[in-house]
Amino acid sequence: MSKGTLKQILLLTDGHSNQGEDPVAIAALAREQGITVNVIGVVDGNHLNEQGIEEVEAIAMAGGGVSQVVYAKQLAQTVQMVTRKAMTQTIHGVVNKELSQILGGNQEMEDLSPAKRGQVMEVVDELGETMNLDVLILVDTSASMKNKLPMVQEALTDLSISLTSRMGANRFALYSFPGKKRDIDKLLDWSPQLNSLSGIFQKLSSGGITPTGPALQVALQKFAKSGSRRSLMAGDEEQLLEESGM
């Protein structure tokens with residue numbers, strides 16, 4: 001069975017977008033292309049305003065991903081949790097789609113007997129460990145994020161380390177927005193590890209605008225250009241349940 005690739009955009013921000021295209025619309029486009037969009041809203045002493053929280057949740061919902069609002073000091077564990085939860089959620093969705101085709105009607109995993117459901121969940125867990133994973137990370141470097149960037153760097157390094165135990169291949173790319181001369185700047189091209197981040201955020205100049213929509217749009221282009229391995233959503237699901245005996 002060809003296990004394909006899970007594709008994710010991980011957006012780290014502390015405010016709502018205030019320039020360019022609607023990020024919710026771009027996230028929906030990403031989902032259509034088989035790319036999940038996850039969003040983490042980062043706060044410190046100040047709470048993320050209501051408009052910012054609504055946008056964090058709306059982008060993730062449109063992108064078929066996971067959203068979470070956390071304090072900066074909790075960022076490391078949250079980045080890992082969101083990434084893994086989104087992997088499972090994506091696989092779960094494809095399994096349910098395949099089940100409805102096999103069983104007919106609108107039946108999903110919850111409609112199976114406990115024994116069969118257990119078998120399917122084993123497949124979901126195994127795929128989460130063995131599928132390839134591409135994560136493009138978008139970091140908001142607007143002025144209000146400046147004091148949070150050291151914790152962002154630590155969280156991303158921890159994410160890379162935590163995923164090294166997986167059997168599947170991991171690839172990461174890292175971009176910041178707003179860029180110096182454009183909407184988005186490349187900090188790290190596709191790489192199997194994020195351990196080369198030391199000091200990378202200290203060199204960044206913080207901006208006052210938050211062009212989240214344009215940044216997501218460029219992220220989609222980067223996936224297209226990367227020649228990324230095939231996505232799970234691109235047609236591998238027809239054999240997905242073989243191992244569960246369905």
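Two strands are treated as paired where DSSP finds at least two bridges between them. The legends below apply this criterion to a predicted model.

**Figure 1. The open sheet of six strands in the predicted model.**
The strands follow the order β3-β2-β1-β4-β5-β6, and their pairing is mixed. The edge positions are taken by β3 (64-71) and β6 (185-191); each has a single partner strand, so one side of each is left without a neighbour in the sheet. Averaged over the sheet and with direction ignored, neighbouring strands are turned by 15 degrees against each other. Helix α3 (residues 75-103) lies across four of these strands, namely β1 (5-13), β2 (35-43), β3 and β4. With respect to β3, α3 runs at about 165 degrees.

**Figure 2. Strand β4 and its parallel partners, β1 and β5.**
Strand β4 covers residues 132-140 and is mostly covered, with eight of its nine residues buried. Strands β1 and β4 run parallel and are joined by eight bridges. The bridge partner of Lys7 in this pairing is Asp134 of β4. Strand β5 (residues 170-177) also runs parallel to β4, and eight bridges join the two. Asp134 stands opposite Arg171 in β5, so that Asp134 appears in the view of both pairings. A further bridge links Ile137 to its partner Leu174 in β5. In a regular strand, side chains alternate between the two faces of the sheet.

**Figure 3. The antiparallel pairing of β5 with β6, and the loop between these strands.**
Four bridges join β5 to β6, and the two strands run antiparallel. Among the residues of this pairing, Ser176 has Asp185 in β6 as its bridge partner. Five of the seven residues of β6 are buried, so this strand is largely enclosed by the rest of the structure. That enclosure accompanies an edge position in the sheet, where β6 has a single partner strand. The loop between β5 and β6 contains Pro178. The peptide bond leading from Phe177 to Pro178 is cis, with omega near 0 degrees.

**Figure 4. The packing of helix α1 with helix α6.**
Helix α1 (residues 23-32) packs with helix α6 (residues 212-225) at an angle of about 20 degrees, and their axes are 8 Å apart. This angle makes α1 roughly parallel to α6, given that angles under 35 degrees are counted in that class. The crossing of the two helices is left-handed. On the α1 side, the contact involves Pro23, Ile26, Leu29 and Ala30. These residues meet Thr212, Gly213, Leu216, Gln217 and Leu220 in α6. By residue class, the contact of α1 with α6 holds six nonpolar, three polar and no charged residues.

**Figure 5. The packing of helix α1 with helix α2.**
The axes of α1 and α2 (residues 50-62) come within 7 Å and cross at roughly 25 degrees. The relation between α1 and α2 is therefore roughly parallel. In contrast to the left-handed crossing of α1 and α6, α1 passes α2 in a right-handed crossing. Pro23, Val24, Ala27, Ala28 and Arg31 in α1 meet Glu55, Ala58, Ile59, Met61 and Ala62 in α2. The residues of the contact of α1 with α2 divide into eight nonpolar, no polar and two charged. Pro23 takes part in the contact with α2 and also in the contact with α6.

**Figure 6. The surroundings of Gly41 in strand β2.**
With 0% relative accessibility, Gly41 counts as buried. Setting aside residues up to four places away in sequence, Gly41 touches Thr13, Leu48, Val56, Gln68, Val69 and Val70. Ile53 lies twelve residues from Gly41 along the chain, and the C-alpha atoms of the two are separated by 7.1 Å.

**Figure 7. The surroundings of Val152 in helix α5.**
Val152 belongs to helix α5, which comprises residues 149-162. Its relative accessibility of 0% places Val152 among the buried residues. Apart from neighbours within four places in sequence, Val152 is in contact with Leu12, Leu75, Val139, Met145 and Phe201. One of these residues, Leu12, is 140 residues from Val152 in sequence, while the C-alpha to C-alpha separation of the two is 8.3 Å.

Definitions and conventions. Residues numbered from 1 in each chain as written. Predicted model: local features only at pLDDT ≥ 70, side-chain atom pairs only at ≥ 80, totals over all residues. Heavy atoms only, no water. Buried < 20%, exposed > 50% of the residue type's maximum accessible area, 1.4 Å probe, protein only. Contact = heavy atoms within 4.5 Å. Axes fitted to C-alpha atoms, helices over the stretch in contact; angles between N-to-C directions. Parallel < 35°, antiparallel > 145°, perpendicular 65-115°, else oblique. Left-handed = near helix turned anticlockwise from the far one by under 90°. Nonpolar A, V, L, I, M, F, W, Y, C, P; charged D, E, K, R; others polar.
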